[in-house]
Amino acid sequence: MNENLSRVSAGYIRKAAEVQTIAHINVRCDGAAGVLGVSANAAVRVSETISGEVRLAGRESVEVTVTTEDGLKKASGFAEISDRAEIEGVTPQTRAFAVCRVTDTDIVSVGGGIITLASVVETTVYVEERVFLPDPPESSEGIYTDSRETEFSRLTSRTTVRIESGDSEKLPITEVVCCNAGFAADAPEAALDAVYVSGRFIIEGVGKTADGGIAPFSAELSASAEAASDGARRGDVAFVMCGGVSVAESRSENGVTLSASAELYTETYGKVTAAVVTDAFSPSCRLSLTRSHICGMITDGAFTLTDKAEGIVALPEGDAADKVTAVCGFTVTALSAYAENGKTVLEGAAGGYVVYSDAEAGRRGSAVAELPFRIVTDIPAADGDEPRASGTVLSVIARPARRGEIAVTCTLRFSVLSCRSVSADPVTSVAEGEPLADKTGVLSMHAASEGETLWECAKALSVPPDTVLAQNPDTVFPMSRGDKVFVFRSARARE
């Protein structure tokens, strides 16, 4: 799409800062003897933007699986979050948003009916960058300019939407004790002023049965949503990032139904192409050129993919696992995306809690799993590209391995935005300077360097490009090293 330069703008989302906040949570749970697992979920928003600073506010919610004299029990709590990020160049007019995840939760103490937790909430702050391509210099007789097609991505929309599932079928349990939940996002689709997102929630866990026992359950719930996205257009590249997943349960005499929800962040990108003036010269005088440096981004596409992270979890010394009871709180942490050998590489770790029973000791225990992964994808990427990625843990399989060990396999889902930076230095104004000495020769000859263009040749000869073409009709551009071009300055008399 070619547009007049005065109307051409581009834009993109830039990762501006990462902030780690320590959240302290007190969970009331009478009779708690120990904590087996923690599922934590946080949501953070930009509350205010001032010069050089973005202020953050939000809430972390936790669900804790504990042991009591009566067996397993679930308790919950929350804590308010506030922090700030210092970002150079931010102003009150800057549009910013935040995406967060809980990367670690430590059990500080258990006693007196209170469980004290300390979580690390990692918040990534993104800001919108707008690029306005400047007007070209005013045309002037006797001054020749060279233009080049330059392509940028245009950020057409950004929005946040909450996606919610319907209710599951009734599960034969009386309450949920412990669960792990993830969301598999399908490729989003951009439409006129809207983005359509869909996917499925996968929930796995254990619950209490009517006879007081513990039984596993699983549910897969489809979900879709239409996000109002002013400026989005059909055919735009659409990218989605997923926040934490929340699970709600509804109890009845016949069982429990589950529903799930998650916060999704969507972006859409179109393409804009403009001919920017890159150089100018005059056969009669020297020129002083003023340039404007502009930086933007090109998005080559958005992708979704599924892969795995595997590893062995070592149990506390002396423990053995004859059965895995449940898993909970699994998330993707420290996720990064980068280019290597022409491919996009995803690197990070999946982690959470594994609850197991030790028949020999006659008790239940838990261990923290941390599974590093490095995934070489089929998504093309060149050195210097800056892909972005969002990841979630869909499902977890954990089985006892050798004594004192549990083998864990996590199924992971990723959304990847393939993008690269692009820049240009267009000429914005031209000032005429000292006159050049008149060419007295009838014939001028120029020997080309390898790959020399018509523009470079004309500039070297100080004649209009049309003159070079008219007097050298058999010359092929770009030229090879040593090719010669001749210009007769008395050509007008011969014409």
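## A tour by selection

Begin by selecting Glu220, which is exposed because its relative accessible area is 56%, above the 50% cut-off for that class. The model on screen is a predicted one, and every value quoted on this tour is to be read with that in mind.

**Salt bridges between strands**

Add Arg200 to the selection, and you will find its side chain meeting that of Glu220 in a salt bridge, with 3.2 Å from N to O. This pair links distant parts of the chain, since Arg200 belongs to strand S10 (residues 194-208) and Glu220 to strand S11 (residues 214-228), 20 residues apart. Arg200 itself counts as partly exposed, at 31% relative accessibility.

Next, select Glu48, Glu53, Arg55, Arg84 and Glu86 together, as these residues are joined into one network by salt bridges that share partners. Within that selection, look at Arg84 and Glu53, which form a salt bridge whose closest N and O atoms are 3.0 Å apart. Here too the link is between distant parts of the chain, with Arg84 in strand S4 (residues 71-86) and Glu53 in strand S3 (residues 53-68), 31 residues apart. Are both partners of this bridge buried or exposed? Arg84 is partly exposed, with a relative accessible area of 41%, whereas Glu53 is buried, with 12%.

Moving on, select Glu129 and Arg14, whose side chains meet in a salt bridge at 2.7 Å, N to O. Glu129 sits in strand S6 (residues 114-132) and Arg14 in strand S1 (residues 9-28), so that the pair links distant parts of the chain, 115 residues apart. Glu129 counts as partly exposed at 23% relative accessibility, and Arg14 is likewise partly exposed, at 28%. For the wider picture, the structure holds 25 salt bridges.

**The sheet S2-S3-S4**

Return to S3 and S4 and add S2: these 3 strands form an open sheet in the order S2-S3-S4, with antiparallel pairing. Strand S2 (34-50) and S4 stand at the edges with a single partner strand each, so one side of each is left without a neighbour in the sheet. From one strand to the next, the twist averages 15 degrees. S3 and S4 pair in the antiparallel sense over 16 bridges, and to inspect one position you can select Ser61, whose bridge partner in S4 is Phe78.

**The sheet S15-S20-S19**

Now display S15, S20 and S19, 3 strands that form an open sheet in that order, again with antiparallel pairing. The edge strands are strand S15 (294-314) and strand S19 (388-400), each of which pairs on one side only. The twist in this sheet averages 10 degrees from one strand to the next. Between S19 and strand S20 (residues 405-424), the antiparallel pairing runs over 12 bridges, and Val393 is a useful residue to select, as it stands opposite Leu412 in S20.

**The nonpolar cores**

Keep Leu412 selected and add Phe330, Val354, Ile406, Val408, Cys410 and Phe414: of the 30 residues in the largest nonpolar core, these touch the most other members. At least two residues of this core are supplied by each of S15, strand S16 (323-340), strand S17 (343-358), strand S18 (363-380), S19 and S20. Centre the view on Val408 and show its contacts, among them Ala309, Val313, Phe330, Val354, Leu371 and Val396, leaving aside residues up to four places away in sequence. A second, separate core holds 26 residues, including Leu171, Cys179, Ala185 and Val195.

**Strand S13 and helix H1**

Select Thr278, which lies in strand S13 and counts as buried, at 18% relative accessibility. Beyond residues up to four places away in sequence, Thr278 touches Asp146, Ser147, Arg148, Arg291 and Val427.

Finish at helix H1 (residues 454-461), where Trp455, Cys457, Ala458 and Leu461 are buried. Viewed down the axis of H1, these buried residues fall within an arc of 165 degrees, so they line one face of the helix. What covers the buried residues of H1? The elements to display include strand S7 (144-164), strand S13 (255-281), strand S22 (443-447), helix H2 (465-471) and strand S23 (484-488). The last stop is Ser462, which follows H1 and has a positive phi, near 60 degrees.

Note on methods: Residues numbered from 1 in each chain as written. Predicted model: local features only at pLDDT ≥ 70, side-chain atom pairs only at ≥ 80, totals over all residues. Heavy atoms only, no water. Buried < 20%, exposed > 50% of the residue type's maximum accessible area, 1.4 Å probe, protein only. Helix = DSSP H or I, 4+ residues; strand = E, 2+ residues; numbered from the N terminus. Arc of directions from axis to C-beta. Contact = heavy atoms within 4.5 Å. Salt bridge = Lys/Arg side-chain N within 4 Å of Asp/Glu carboxyl O. Pairing = 2+ DSSP bridges. Axes fitted to C-alpha atoms, helices over the stretch in contact; angles between N-to-C directions. Core = buried A, V, L, I, M, F, W, Y, C linked by side-chain atoms within 4.5 Å.
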